[in-house]
Amino acid sequence: MENYLLRYRKTLFLLGIGSILAILAYLCLFMNMNYAAYFLSLRVPKVLVMVIVAFAIGGASIVFQSIIQNTIVTPCLLGMNSLYSLIHTGVVFFLGSGSVLIANANVSFAIDVVLMGIIATVIYSYLFRKTKHNVLYVLLTGTILTTLFTSIQTTLTRIMDPNEYDSLLASLVASFNNINTNIILFSVLLMGAVVFFLRKELGLLDVISLGKTQAINLGVDYDKTIRRLLLGVTLFIAIATALVGPISFLGLIIANLSREVFITYRHSYLILGSCLIGTIILIAGQILVEHVYNFSMPISVFITVGGGIYFLYLLMRQRRA
């Protein structure tokens, strides 16, 4: 066991070094030193957001997979991204983009997060309870919910005032070129508060992954713990989506890569590994977007294509197993 833990620690160290090198490469690549301050003023906020998004989606995906007890299901595949987009569109539609509650980025973000936390926790808690965590039913219902949320959101945008839709559009497409820098501090504080509030529940993840019956036998208040963790997952997805827009397959990629690298039940390694892998992938993808494709396509295109292929690979591998 000690040999495995030592190997995992070395792997985390290497991933940490890789993340630091990726960050330095992004900050310094093709930078004119005569205008270093200007380049850094543009790139540093992007790096901060990429790290926040990697930690939010990576942590949320690992926790969610432990809740549902399946490694091919992530919050985004069940429509949480679509739900956030619907909520944000609905708030703008009913309040108007000129409203004080919308014009202030932090207030608008707070409204979206509160609504997202309440609605998603109610919907998905009920879904898990009714399906008894059956992965097939959960995936089918999640697909239907995604279509429903997207259809309602599309209907709202079609009848929305064109000027308001124009101001809304930037937040509906995942891109690190249109990041919401006004809520970076708020996002970090909220993530820290969520982790502190759920510190006991996060410590029970190793037990929860054993299954409901075993967790209850070991003294865990299973239903209460699951509701709290689901709320945390919802808030983390809301933070990531509010910062850069919906990134559907990122959680699937980095969570499963972390599980392949760290073959362990210890969630401390799985979560941290997922976050570091996510940081490397996002920064590498943004380097491609900026310096190879000259901003002609957003990073979400690469992640969606790669994630779709990886999802099919995971399905076929599970079928063979």
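Which residues gather in a patch of positive charge on the surface? In this predicted model, they are Arg129, Lys130, Lys132, Arg199, Lys200, Lys224 and Arg227. Three helices give two or more residues each to that patch: H5 (105-131), H9 (199-203) and H12 (222-244). Lys132 sits in the loop between H5 and helix H6 (135-158). With 73% relative accessibility, Lys132 counts as exposed.

Let's stay with H12 for a moment. Of its 23 residues, 18 are buried, so H12 is largely enclosed by the rest of the structure. You can also check its length: at 1.5 Å a residue, H12 should span 33 Å, and its end C-alpha atoms are indeed 33 Å apart. Right after H12 comes Gly245, which has a positive phi, near 100 degrees.

Now for the charged pairs. Side chains of opposite charge can pair when their charged atoms come close. The count here is three salt bridges, and this table sets them out:

| Salt bridge | N to O distance |
|---|---|
| Glu290 and Lys46 | 3.2 Å |
| Glu201 and Arg228 | 3.6 Å |
| Lys212 and Asp223 | 3.8 Å |

Take the salt bridge of Glu290 and Lys46. It links distant parts of the chain, with Glu290 in helix H14 (residues 267-291) and Lys46 in helix H2 (residues 36-68), 244 residues apart. Is Glu290 buried or exposed? At 8% relative accessibility, Glu290 counts as buried, because the cut-off for buried is under 20%. Lys46 is buried too, with a relative accessible area of 14%.

Glu201 and Arg228 also meet in a salt bridge. This pair connects helix H9 with helix H12, and its residues are 27 apart along the chain. Glu201 is buried at 10% relative accessible area, while Arg228 is partly exposed at 25%.

Then there is the salt bridge between Lys212 and Asp223. Lys212 lies in helix H11 and Asp223 in H12, so the pair ties together parts that are 11 residues apart in sequence. Lys212 is partly exposed, with a relative accessible area of 39%, and Asp223 is partly exposed at 43%.

Helix H11 (residues 212-217) also holds Ala215. This alanine, Ala215, counts as buried, at 0% relative accessibility. The C-alpha atoms of Ala215 and Ala193 are 26 Å apart, with their positions 22 residues apart along the chain.

Finally, look for a nonpolar patch on the surface. Phe13, Leu14, Ile17, Ile20, Leu21 and Leu24 make this patch, which covers about 610 Å². One of them, Leu21, is in helix H1 (residues 2-28), and Leu21 is exposed, with a relative accessible area of 53%.

Technical notes:
Residues are numbered from 1 along each chain as its sequence is written. This is a predicted model: local features need pLDDT of at least 70, side-chain atom pairs count only at pLDDT 80 or more; totals for chains, interfaces and linings use all residues. Side-chain values use heavy atoms; hydrogens and water are left out. Patches are made of residues with over 30% relative accessible area and no salt bridge: like charges are joined within 9 Å, nonpolar side chains (Val, Leu, Ile, Met, Phe, Trp, Tyr) within 5 Å. Accessible areas come from the Shrake-Rupley method with a 1.4 Å probe; for residues, only the protein chains shown count as cover. A salt bridge is a side-chain nitrogen of Lys or Arg within 4 Å of a carboxyl oxygen of Asp or Glu. Lys and Arg count as positive and Asp and Glu as negative; His and the chain ends are not counted. The place of a charge is taken as NZ of Lys, CZ of Arg, CG of Asp or CD of Glu. Helices (H or I, at least four residues) and strands (E, at least two) are DSSP runs, numbered from the N terminus. Buried means under 20% relative accessible area, exposed over 50%, partly exposed in between (1.4 Å probe, protein chains only). The expected span of a helix is 1.5 Å times one less than its number of residues.
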